[in-house]
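Thanks for making the time this morning. I would like to walk through one structure with you, going from individual contacts out to the whole chain, so please have the sequence and the view open as I talk.

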Amino acid sequence: MPRDTRTLFSAALLMGAFAQGASAAGAPPGEIVSNSMTLSYETGGDTITQEEAAEASFTVDQRLSFTFASLEDGGTVNVEPGAAAQEIRLILTNTGNAAVPFDIDVAAVADQLGLTLDPGGGGEEGTYSVFLLDEPGGTAVPYDPSGVVSTGPIPADGSRIVVIRATIPRSAGDGALTSFEVRAAPLTPGGGGTQGAVRGQGLGAVDIVYADEGEDGTVLSETSYQVLAPQLTAAKDVVVVSENRSGEFSCSGGAPDPDAEAFIPGACIEYTITLSNAPEAGSPATFL
C-alpha cells in the first residue's frame, strides 16, 4: 500500500505602508527598504522553518507635493487710499518627503489700483514688493518674482511665508480692487530650472512623482486688495440775508430779511455747504 505523504505550506503576505522616517512627510528619497520572509511548513509530521527564505528591497522614491494658500480671511485685505505697507500673506508648505527649492511668480490681475512691481521694496506710492519669511515674525527678505528665482530649499514639512507689501495710491476710489495670482513651482535641487517628473528608474533608483493637487507640479493661489473709502458729494448754496441798502446791517448778528433777494454791492450773503457720504460707501468719513 503506497505511503500517504502530505506537505502543508503556510506563508503570510503583508502589504501596507512601509516604515516612515521621523517626519510626517515619510521616508526620504534614496532610502533602501528591505524585508524578508520566514517560511514554515509541515511534512512527515515535522514542522520545518526557514528563516529569511526570501528577501525583497526597493528604493524610496520622491513624492513631490506642496500646498499654497492665502492666510487672509476670505483671501482679501481691505485697505484705505494712501495706506502704506499693506500686507497680503500666503504660506507655501512642502508636503513632500525631500527638501525642495521653489520658484514663485506674482502677477497683478484685474488691477484697478494700477500697482507696479518694485523688486527692491522701496515702498513708493502705487507699488508692491514681495518678501519671504521663514516663520511668522521672522526677518522679511526681498524676493524678486521676475523670471525663475529660487526660494532656497524648503525642507520636508517646512514652509515659507510669502508677503506682498503695497502702498495704496491716494487716488484710489471706494471698491477699487487689485487681485494677485501667485503661483509656486518646484525647482531642481540646484534651483536652476523647473523639476520635472521622473519615472521608470526601477527598484534601485529614485523616481520623482508629482502629488500636488493637480499632479502637474504647480499650485496657484489668488488674493486681493480692496479699497474701502468714503463716497463724498458736496453742495454749495448762497442766499441774500440782507440787501443792506443803508449800509448799517450787521452780517454777524443781524436778523435775516425774508424779502431780500438782490445781490447788490454791500449786501450780506450766506453760503451753505453740505457734504454727504453715500449710504453704500465702504468707509465713514471724518470731516475736519
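Let me begin with Glu125, which forms a salt bridge with Arg170, the closest nitrogen and oxygen atoms of the two being 2.4 Å apart. Glu125 sits in the loop between strand S9 (116-117) and strand S10 (127-133), while Arg170 sits in the loop between strand S12 (159-166) and strand S13 (177-186), so the pair ties together parts of the chain that are 45 residues apart in sequence. I should say at once that this is a predicted model, and the distances I quote should be heard with that in mind. As for how open these two side chains are, Glu125 counts as partly exposed, because its relative accessibility is 39%, whereas Arg170 counts as exposed, because its value is 62%.

The next pair is Asp134 and Arg160, a salt bridge whose closest N and O atoms are 3.3 Å apart. Here Asp134 lies in the loop between S10 and strand S11 (141-142) and Arg160 lies in strand S12 itself, so this pair ties together parts that are 26 residues apart in sequence. Is each partner buried or exposed? Asp134 counts as exposed, since its relative accessibility is 55% and the cut-off for that class is over 50%, while Arg160 counts as buried, since its value of 13% falls under the 20% limit.

A third salt bridge joins Arg89 to Glu87, with the closest N and O atoms 3.0 Å apart. Arg89 is partly exposed, with a relative accessible area of 25%, and Glu87 is also in the partly exposed class, with 24%. These two residues do not stand by themselves, for Glu87, Arg89 and Arg165 are linked in a network of salt bridges. Over the chain, the count of salt bridges comes to five.

That brings me to the strands that carry some of these residues. Strand S7 (residues 86-94) pairs in the antiparallel sense with strand S5 (residues 66-70) over five bridges, and within that pairing Ser70 has Leu90 of S7 as its bridge partner. S7 also runs antiparallel to S12, to which eight bridges join it. Which residue of S12 is the bridge partner of Leu92? It is Arg160, the residue that we have already met as the salt-bridge partner of Asp134.

Turning to the surface, Leu232, Ile273, Leu275 and Phe287 make a nonpolar patch of about 410 Å². Leu232 belongs to strand S16 (residues 232-242), and it counts as partly exposed, because its relative accessibility is 47%.

Finally, the chain as a whole. It has 17 strands and zero helices. Its radius of gyration is 37 Å, well over the 19 Å that the globule rule gives for 288 residues, so the chain is more spread out than a compact globule. Along the principal axes, the C-alpha atoms fill a box of roughly 155 × 45 × 30 Å. Of the 288 residues, 32% count as buried, and the accessible surface comes to about 17,000 Å², with 51% of that belonging to carbon and sulfur atoms. Among contacts with a separation of 6 or more, residues 24 or more positions apart account for 73%.

I am happy to go back to any of these contacts on the screen.

Terms used. Residues are numbered from 1 along each chain as its sequence is written. This is a predicted model: local features need pLDDT of at least 70, side-chain atom pairs count only at pLDDT 80 or more; totals for chains, interfaces and linings use all residues. Side-chain values use heavy atoms; hydrogens and water are left out. Patches are made of residues with over 30% relative accessible area and no salt bridge: like charges are joined within 9 Å, nonpolar side chains (Val, Leu, Ile, Met, Phe, Trp, Tyr) within 5 Å. Accessible areas come from the Shrake-Rupley method with a 1.4 Å probe; for residues, only the protein chains shown count as cover. A salt bridge is a side-chain nitrogen of Lys or Arg within 4 Å of a carboxyl oxygen of Asp or Glu. Helices (H or I, at least four residues) and strands (E, at least two) are DSSP runs, numbered from the N terminus. Buried means under 20% relative accessible area, exposed over 50%, partly exposed in between (1.4 Å probe, protein chains only). The radius of gyration is taken over C-alpha atoms; the globule rule is 2.2 Å times the number of residues to the power 0.38. Contact means heavy atoms within 4.5 Å. Two strands pair if DSSP finds at least two bridges between them.
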